[in-house]
Amino acid sequence: RLSRQTFASMRLARPRTTRRLLSQLPAPWEATYAASTRAELLAAYEAWAPTYDADSVGSFGYAAPGAAALALERHVADASAAVVLDAGAGTGQVGEHLSRLGFSHVLGVDLSAPMLRIAATKGCYRELLRGDLADRTLLPPGSLDAVVCVGTLTPNHVEDGATLHTWLEWLRPGGVICASIRDDFWEGSPLPNACQRLQEEGLWTLVEETESARYTPLVNDVAFRVRTWRKAVDCLASGST
């Protein structure tokens, strides 16, 4: 779930979003949003990795991975041939859902090595990389048919348009980015403006926004939506926003 974003921008967002949300979160998730440095964030995920699946799915009812995978399936013509990036793969929950839906060319990227080691045991990924999702050199331009991200467009993870622009560079023209985003994070972050700018610049188009649904229904009423954007067919997405 990690990308090496500037913690200066994260701290600016904390009074508006993170502090307000901590009381709504199960304890293990609190640590990932309360982190004030990259080292603290990595440490929080390392500590949580052994029980992450049991906690998030078994105890919290984490609904976003399955919903995002289904949304991606609706917008990819041939799941068996599509090259997909799971951006912020974590322990591989999204990869498991994609595998069941017939996706067989899935690349997972995350900064947390302990989380990726768990993902590797699931057999859902063609390749797993420990890397920075904001690093434009991580993947070749135009090498992907789709990007799916769950739990990544959040405070302390990815919040800016520059990273989205990088993902667009990695996509082939006509490819899709499918992202689950909590409603409270969306409303209190720079993301709406960043996404709107990309649309106004003709780089992508919003093709679906799901109805709001409960994110962790076993523990609270926090809600999320899955949004899917399609890259313009004539878009090279070079430069930055």
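In this predicted model, the largest nonpolar core takes in 39 residues, and the ones touching the most other members are Trp 29, Leu 72, Val 84, Leu 98, Phe 103 and Val 148. Quite a few elements chip in with two or more residues: helices H2 (27-34), H3 (38-48), H5 (64-75), H6 (93-100) and H7 (113-120), along with strands S4 (144-150), S5 (171-182) and S8 (223-231). Helix H5 gives the most, with five residues. Leu 72 shows how these pieces come together: leaving aside neighbours within four places in sequence, Leu 72 is in contact with Val 84, Leu 98, Phe 103, Ala 146, Val 148, Val 176 and Cys 178. Apart from this core lies another one, made of 25 residues, with Trp 170, Ala 179, Ile 181 and Trp 186 among them.

Stepping back to the whole chain, the secondary structure adds up to 10 helices and eight strands. Of the 241 residues, 56% are buried. Counting contacts with a separation of 6 or more, 73% are between residues 24 or more positions apart. The accessible surface comes to about 9700 Å², and carbon and sulfur atoms account for 52% of that.

Back to the helices. H5 packs on H6 at an angle of about 40°, and their axes sit 9 Å apart. That angle makes H5 oblique to H6, and the crossing is right-handed. On the H5 side the contact is made by Pro 65, Gly 66, Ala 69 and Leu 72, while H6 brings Gln 93, Val 94, His 97 and Leu 98. So what does H6 bury? In H6, the buried residues are Gln 93, Val 94, Gly 95 and Leu 98, and they pack against H4, H5, strand S1 (83-87), S2 and S4. Just past the end of H6, Gly 102 takes a positive phi of about 100°.H7 has its own buried set, made up of Pro 114, Met 115, Leu 116 and Ala 119. The cover over these residues of H7 includes H3, helix H4 (52-59), strand S2 (105-110) and strand S3 (127-130).

A second helix pair is formed by H8 (residues 161-170) and H10 (residues 191-200), which pack at an angle of about 40° with their axes 9 Å apart. H8 and H10 are therefore oblique to each other, and H8 passes H10 in a right-handed crossing. Gly 161, Leu 164, His 165 and Leu 168 make the contact from H8, and Leu 191, Ala 194, Cys 195 and Leu 198 make it from H10.

Finally, there is Val 83, which is found in strand S1. With a relative accessibility of 26%, Val 83 counts as partly exposed. Neighbours within four places in sequence aside, Val 83 is in contact with His 105, Ser 143, Leu 144, Asp 145, Ala 146 and Arg 172. The C-alpha atoms of Val 83 and Leu 171 are separated by 9.6 Å, with the two residues 88 residues apart along the chain.

Conventions:
Residues numbered from 1 in each chain as written. Predicted model: local features only at pLDDT ≥ 70, side-chain atom pairs only at ≥ 80, totals over all residues. Heavy atoms only, no water. Core = buried A, V, L, I, M, F, W, Y, C linked by side-chain atoms within 4.5 Å. Buried < 20%, exposed > 50% of the residue type's maximum accessible area, 1.4 Å probe, protein only. Helix = DSSP H or I, 4+ residues; strand = E, 2+ residues; numbered from the N terminus. Contact = heavy atoms within 4.5 Å. Areas by Shrake-Rupley, 256 points an atom, 1.4 Å probe, with all protein chains shown as cover. Axes fitted to C-alpha atoms, helices over the stretch in contact; angles between N-to-C directions. Parallel < 35°, antiparallel > 145°, perpendicular 65-115°, else oblique. Left-handed = near helix turned anticlockwise from the far one by under 90°.
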